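Here is a walk through one chain, written for someone who would rather look at side chains than at statistics. Keep the viewer open as you read.

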Amino acid sequence: MDASDDPRLSALLPRLRRFARSLAGDGADDIVQAALERALRRWDSRRDDEALQAWLFAIVYRQFVTEHRRARRWQRVMELFGAEPVDPSPSPERIHAGQAVLAAFARLPPDHRALLLLVSVEGFSYREAADMLGLPIGTVMSRLSRARERLRALTDDAPSPRTLRVLK
């Protein structure tokens, strides 16, 4: 018998959906689908047929955590560009915009990408990033400024005008 035809799996589906809905609301069906795909791919790795329910619920929960973390990272990237908080459900426009930002991000030099990820996405302080990369804090601040400016230039239709500051 194929794993997808297992009657125990079919009997657990409503409970898995209810559990996922309590965690994720409207995104529950996507979480259950991804979790079931994962479970079916790893069907032979389960150790105990009696623990099928616990195994599937654990997979659904881990899938929810993964999706939640991915959404938080996406939100941090969007905040990097000054975007307003967005609805977590993806639309074709948001997917396209996100792909454009990620493509522009990939075109940045590795030192700029590293700083943007550490400070703007992962939330480390300038001091922590400087210590991790073995750089003076002033270098981190100036590189981060240049990285943000370059990323804005790559993602904006029109290049941003450079402003001069008067130093006393």
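## Before we start

A quick bit of vocabulary: a residue is called buried when its relative accessible area is under 20%, exposed when that value is over 50%, and partly exposed in between. By that yardstick Phe19, at 25% relative accessibility, counts as partly exposed. Bear in mind that what you are looking at is a predicted model.

## The overall layout

The chain has 7 helices and 0 strands. Reading along the sequence, you get α-α-α-α-α-α-α.

Of the 168 residues in the chain, 27% are buried. The accessible surface comes to about 11700 Å², and carbon and sulfur atoms account for 53% of that. As for contacts with a separation of 6 or more, 55% of them join residues 24 or more positions apart.

## Two aromatic pairs

How many aromatic pairs does a search of the whole structure find? The search turns up 2. One of them is Phe19 with Phe57, a tilted pair with 5.2 Å centre to centre and 50° between the planes. Phe19 sits in helix α1 (residues 7-24) and Phe57 in helix α3 (residues 52-80), so this pair ties together parts that are 38 residues apart in sequence. Phe57 has 17% relative accessibility and so counts as buried, while Phe19 is partly exposed.

Tyr61 and Phe64 make a pair too: their ring centres are 6.5 Å apart and their planes are at 40°, so this pair is also tilted. Here both partners belong to helix α3, 3 residues apart, which is about one turn of the helix. In general, an α-helix has 3.6 residues a turn, so residues three or four places apart point the same way. Tyr61 is partly exposed at 43% relative accessibility, whereas Phe64 is buried at 18%.

## Helix α2 and its buried face

Helix α2 (residues 28-41) has 14 residues and reaches 20 Å from its first C-alpha to its last, close to the 20 Å expected at 1.5 Å a residue. Which residues of α2 are buried? They are Ala28, Ile31, Val32, Ala35, Leu36 and Ala39. Look down the axis of α2 and these buried residues fall within an arc of 130°, so they line one face of the helix.

Turn to the face pointing away from that buried side and you find the exposed residues Asp30 and Arg41. The cover over the buried residues of α2 includes α1 and α3. A nice detail from α3 is Gln63, a residue of that helix, which counts as buried at 13% relative accessibility. Leaving aside residues up to four places away in sequence, Gln63 touches Ile31, Ala34 and Ala35.

## Two nonpolar cores

In soluble globular proteins, nonpolar side chains tend to be buried together. In this chain the largest nonpolar core has 18 residues, and the ones that touch the most other members are Leu12, Leu16, Ala20, Leu52, Trp55, Leu56 and Val60. The elements giving two or more residues to this core are α1, α2 and α3. Of these, α3 gives the most, with 7 residues.

Apart from that core lies another one, of 14 residues, including Leu108, Leu118, Val140 and Ala147.

## Helix α7 and its neighbours

Helix α7 (residues 137-155) has 19 residues and spans 27 Å from its first C-alpha to its last, close to the 27 Å expected at 1.5 Å a residue. Its buried residues are Val140, Leu144, Ala147 and Leu151. They cover an arc of only 65° around the axis, which puts them on the same side of α7. What covers them includes α3, α4 (92-106), α5 and α6 (126-133).

For a residue to zoom in on, try His112, which lies in helix α5 (residues 110-121). Is His112 buried or exposed? His112 is buried, with a relative accessible area of 9%. Not counting residues up to four places away in sequence, His112 touches Arg143, Arg146 and Ala147. Ala147 is also one of the buried residues of α7.

Terms used: Residues numbered from 1 in each chain as written. Predicted model: local features only at pLDDT ≥ 70, side-chain atom pairs only at ≥ 80, totals over all residues. Heavy atoms only, no water. Helix = DSSP H or I, 4+ residues; strand = E, 2+ residues; numbered from the N terminus. Buried < 20%, exposed > 50% of the residue type's maximum accessible area, 1.4 Å probe, protein only. Contact = heavy atoms within 4.5 Å. Areas by Shrake-Rupley, 256 points an atom, 1.4 Å probe, with all protein chains shown as cover. Phe/Tyr/Trp six-rings, centres within 6.5 Å; stacked < 30°, edge-to-face > 60°. Expected span 1.5 Å × (residues − 1). Arc of directions from axis to C-beta. Core = buried A, V, L, I, M, F, W, Y, C linked by side-chain atoms within 4.5 Å.
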